[in-house]
Amino acid sequence: MMRKLVIAAVLLLPLQVFAEVYKWRDDAGRWHYTDQPRPGAARVDLPPVQVYQSPPIAPPQPATSQPQPAQEPVRNYARAEIVSPAAEETIRNAPGEVGVIVALEPSLRPEHTVRLLVDGKAAAEPASSTAFT
């Protein structure tokens with residue numbers, strides 16, 4: 001019981017400590033802020049404390065009597081970025097083609113393909129590679 005009271009007191013302590021703030025200027029013209037009133041100090045009105053309330057957690061689903069088939073988890077790519085040419089860089093060969101290299105994390109899965117679009121139009125056929133010309 002005593003432990004619960006101590007935890008409750010510690011959780012409520014910040015609300016008491018930061019209840020009022022005062023400011024005052026010293027002889028050199030520097031402003032000071034404190035939680036202790038003192039002669040010549042003005043009380044600072046602070047906006048309400050911002051509070052976040054997490055959304056409710058859905059109750060657990062009841063166990064079913066039939067075993068569910070194992071499904072491979074859906075994994076997204078954490079990063080898809082054009083690494084070559086770099087920003088503001090253009091490298092063309094003699095016929096005017098530009099090489100493009102895409103970095104993916106994790107690396108491209110065997111069953112996936114990459115499609116390069118320029119201005120919303122296909123610039124290359126879908127490929128199982130991350131390098132295009």
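A residue counts as exposed when its relative accessible area is over 50%, as buried when that area is under 20%, and as partly exposed in between. By this rule T133 is exposed, because its relative accessible area is 64%. The structure discussed here is a predicted model, and T133 is a convenient place from which to begin reading it.

## The end of the chain

T133 is placed in the segment after β8, a strand that covers residues 131–132. Although T133 and G99 are 34 residues apart in sequence, their C-alpha atoms are 4.3 Å apart in space. Leaving aside residues up to four places away in sequence, T133 touches E97, V98 and G99.

## The overall plan

The protein has 1 helix and 8 strands, and, read from the N terminus, these elements follow the order α-β-β-β-β-β-β-β-β. Of the 133 residues in the protein, 11% are buried. The protein exposes about 12200 Å², and carbon and sulfur atoms supply 57% of that area. If one takes the contacts between residues at least 6 apart in sequence, 26% of them join residues at least 24 apart.

## The nonpolar core

In soluble globular proteins, nonpolar side chains tend to be buried together. Which residues make up the largest nonpolar core here? This core consists of 7 residues in all, namely V100, V102, L104, V114, L116, A124 and F132. Strand β5, which runs over residues 100–105, gives the most to this core, with 3 residues. One member of the core, V100, touches I82, S84, P85, L116, T130, A131 and F132, when residues up to four places away in sequence are not counted. Two of these contacts, L116 and F132, are themselves listed in the core.

## Charged pairs

A search of the whole structure finds 5 salt bridges, and the table gives three of them, with the distance between the closest N and O atoms.

| Salt bridge | Closest N and O atoms |
|---|---|
| E20 and R43 | 3.9 Å |
| R79 and E81 | 2.5 Å |
| E105 and R79 | 3.2 Å |

The salt bridge between E20 and R43 links distant parts of the chain, since E20 is in the loop between α1 (2–17) and β1 (21–25), while R43 is in strand β3 (residues 42–44), 23 residues apart. Both ends of this pair can be placed on the exposure scale given at the start: E20 is partly exposed, because its relative accessible area is 34%, and R43 is likewise partly exposed, with a value of 49%. E20 and R43 also belong, together with D45, to a network of salt bridges.

R79 takes part in a salt bridge with E81 and in another with E105. E105 lies in strand β5 and R79 in strand β4 (residues 79–84), so this pair ties together parts that are 26 residues apart in sequence. How exposed are these residues, beginning with R79? R79 counts as partly exposed, because its relative accessibility is 30%. E81 counts as partly exposed at 37% relative accessibility, and E105 does so at 41%.

## Charges over rings

Two aromatic rings carry a charged side chain over them: K23 lies over the face of W31, at 4.6 Å from the ring centre, and the charged end of R109 sits over the ring of Y77, 4.6 Å from its centre. As for rings paired with one another, the structure holds 0 aromatic pairs.

## Details of the backbone

Where in the chain are the cis peptide bonds described here? One is the bond from S84 to P85, with omega near 0°, and P85 is found in the loop between β4 and β5. S84 and P85 have already appeared in this report, as residues that V100 touches. Another cis peptide bond runs from E105 to P106, with omega near -5°, and P106 has its place in the loop between β5 and β6, the latter strand covering 117–118. E105 is also the residue that forms a salt bridge with R79.

A further backbone detail concerns D119, which lies in the loop between β6 and β7 (121–122). The phi angle of D119 is near 55°, a positive value in a residue other than glycine. Is D119 buried or exposed? D119 counts as exposed, because its relative accessibility is 77%.

How values were computed. Residues numbered from 1 in each chain as written. Predicted model: local features only at pLDDT ≥ 70, side-chain atom pairs only at ≥ 80, totals over all residues. Heavy atoms only, no water. Helix = DSSP H or I, 4+ residues; strand = E, 2+ residues; numbered from the N terminus. Buried < 20%, exposed > 50% of the residue type's maximum accessible area, 1.4 Å probe, protein only. Contact = heavy atoms within 4.5 Å. Areas by Shrake-Rupley, 256 points an atom, 1.4 Å probe, with all protein chains shown as cover. Phe/Tyr/Trp six-rings, centres within 6.5 Å; stacked < 30°, edge-to-face > 60°. Lys NZ or Arg CZ within 6 Å of the ring centre and 35° of its normal. Core = buried A, V, L, I, M, F, W, Y, C linked by side-chain atoms within 4.5 Å. Salt bridge = Lys/Arg side-chain N within 4 Å of Asp/Glu carboxyl O.
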